Amino acid sequence: MQQLISPPGTPHADPQSLEALAAVYAYPDQVNHGRPWLRANMVTGLDGAARLEGLSEGLSGDADKRIFGVLRALADVVLVGAETVRAEGYRPARARAGFAAARAAAGQAPAPAIAIVSRALDLDLTAPLFTEPLVRTVVVTTEDSPAEARRAVAGVADLVVAGEGSVDLPAALAALAERGWTRQLTEGGPRLLGQLTAAGLLDELCLSLAPLLTGGDAPRILHGVQMADVQRMRLVSLIEQKGFLFTRYLRYPAPTDSVPTSS
């Protein structure tokens, strides 16, 4: 694993160590002052496919999983769509020993909470995501979601109600930030990421590019939405390992003047 481009203000270091990767992917200092920062972590093949045989797992590799773990270890909350939870068999985030001291010093829980976006509330409430989380799972839904399902979900998870007809994503992210969860991470899927981006909520994209050509009809990492305009991004970090490229892009122009540094 080699660092080809380092983020501004970050010393060039061997990205093999967890400490170096944590510095590369550090959230901006503004998260300590109540301004949430939403980053996305996605993987794609060379031809733009966001899934292989229906799952993102097939595009991943050892280094991608390592960075995936670091991004989760830095986050307060992981936002994910219900379709992705079902398809990928989501489990609770786990505590990582290498980050325990840093999370405690930052006032974070041992692991990030998982927040599921679901209007229909078609969720398996017996799954470990609801029965074994270190931090109680959150479900983000709408005012007109099925009342009986909402009562059942409230028994095993925290409910955030935002919007009617469809989830009001700005309100949902604000509600998560009110809990002190300003280090926000989304893992998609493509439909949720498209909605977040179209709403102007995405600050950062961490994109893993797998050295694979897959063909087929897999969606892109943004899927199913129309955007009023393109969103320009600025490359601030690039890591290579065995043909995989791990990129970090920031929104450009940035919504603030903050430069991502260790928080």
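In this predicted model, the second largest pocket has a volume of about 470 Å³. Its lining is made up of 22 residues, and those closest to the centre are Gly 81, Val 117, Arg 191, Leu 192 and Gln 195. Helices α3 and α8 (190-198) each contribute at least two residues to this lining. By class, the residues around the second largest pocket divide into 8 nonpolar, 8 polar and 6 charged.

The largest pocket holds about 880 Å³ of space. Of its 31 lining residues, Glu 57, Phe 68, Arg 72, Tyr 90 and Glu 187 come closest to the centre. Two or more residues of the lining are supplied by each of β2 (37-44), α2 (62-74) and α3 (82-88). The biggest contribution is that of α2, which gives 7 residues. In terms of chemistry, the lining of the largest pocket has 12 nonpolar, 8 polar and 11 charged residues. Helix α3 is thus worth a second look, since it appears in the lining of the largest pocket and also in that of the second largest.

Turning to enclosed space, a search of the whole structure gives 1 cavity of 30 Å³ or more. The volume of the largest cavity is about 30 Å³. Around it stand Arg 72, Ala 73, Arg 94, Ala 95, Arg 96, Arg 103, Pro 110 and Pro 112. This lining is split between 4 nonpolar and 4 charged residues, with no polar ones. Arg 72 is a residue to keep in view here: it lines the largest cavity and is also among the residues closest to the centre of the largest pocket.

A further point of interest on helix α3 is Thr 84, which lies within that helix. With a relative accessible area of 10%, Thr 84 falls under the 20% limit and is therefore buried. A polar atom of the Thr 84 side chain lies 2.9 Å from the backbone nitrogen of Gly 189. Gly 189 itself belongs to the loop between β7 (183-186) and α8. The peptide bond leading from Gly 188 into Gly 189 is cis, with omega near 10°.

Another cis peptide bond joins Tyr 252 and Pro 253, where omega is about -5°. Pro 253 is located in the segment after β10 (244-251).

Positive phi values in residues other than glycine also deserve mention. Leu 121 has phi near 60° and sits in the loop between β4 (113-117) and α5 (128-131). Lys 242 has phi near 50°, and its place is the loop between β9 (233-241) and β10. The surroundings of these residues can be set side by side: Leu 121 is buried at 7% relative accessibility, whereas Lys 242 is exposed at 71%.

Ring contacts complete the picture. The count of aromatic pairs comes to 1. This pair is formed by Phe 244 and Phe 246, which are stacked, with 6.1 Å from centre to centre and 5° between the planes. Phe 244 has a relative accessible area of 13% and Phe 246 one of 1%, so both count as buried. Elsewhere, the charged end of Arg 39 sits over the ring of Tyr 27, at 4.1 Å from the ring centre.

Notes
Residues numbered from 1 in each chain as written. Predicted model: local features only at pLDDT ≥ 70, side-chain atom pairs only at ≥ 80, totals over all residues. Heavy atoms only, no water. 1 Å grid on protein atoms, 1.4 Å probe; cavity = no way out; pocket = protein on both sides within 12 Å on 5 of 7 lines; lining within 4 Å. Points joined across faces, edges and corners; volume = space filled by probe spheres on them. Nonpolar A, V, L, I, M, F, W, Y, C, P; charged D, E, K, R; others polar. Helix = DSSP H or I, 4+ residues; strand = E, 2+ residues; numbered from the N terminus. Phe/Tyr/Trp six-rings, centres within 6.5 Å; stacked < 30°, edge-to-face > 60°. Buried < 20%, exposed > 50% of the residue type's maximum accessible area, 1.4 Å probe, protein only. Lys NZ or Arg CZ within 6 Å of the ring centre and 35° of its normal. Polar contact = N/O pair within 3.5 Å; in protein donor to acceptor, adjacent residues only side chain to side chain.
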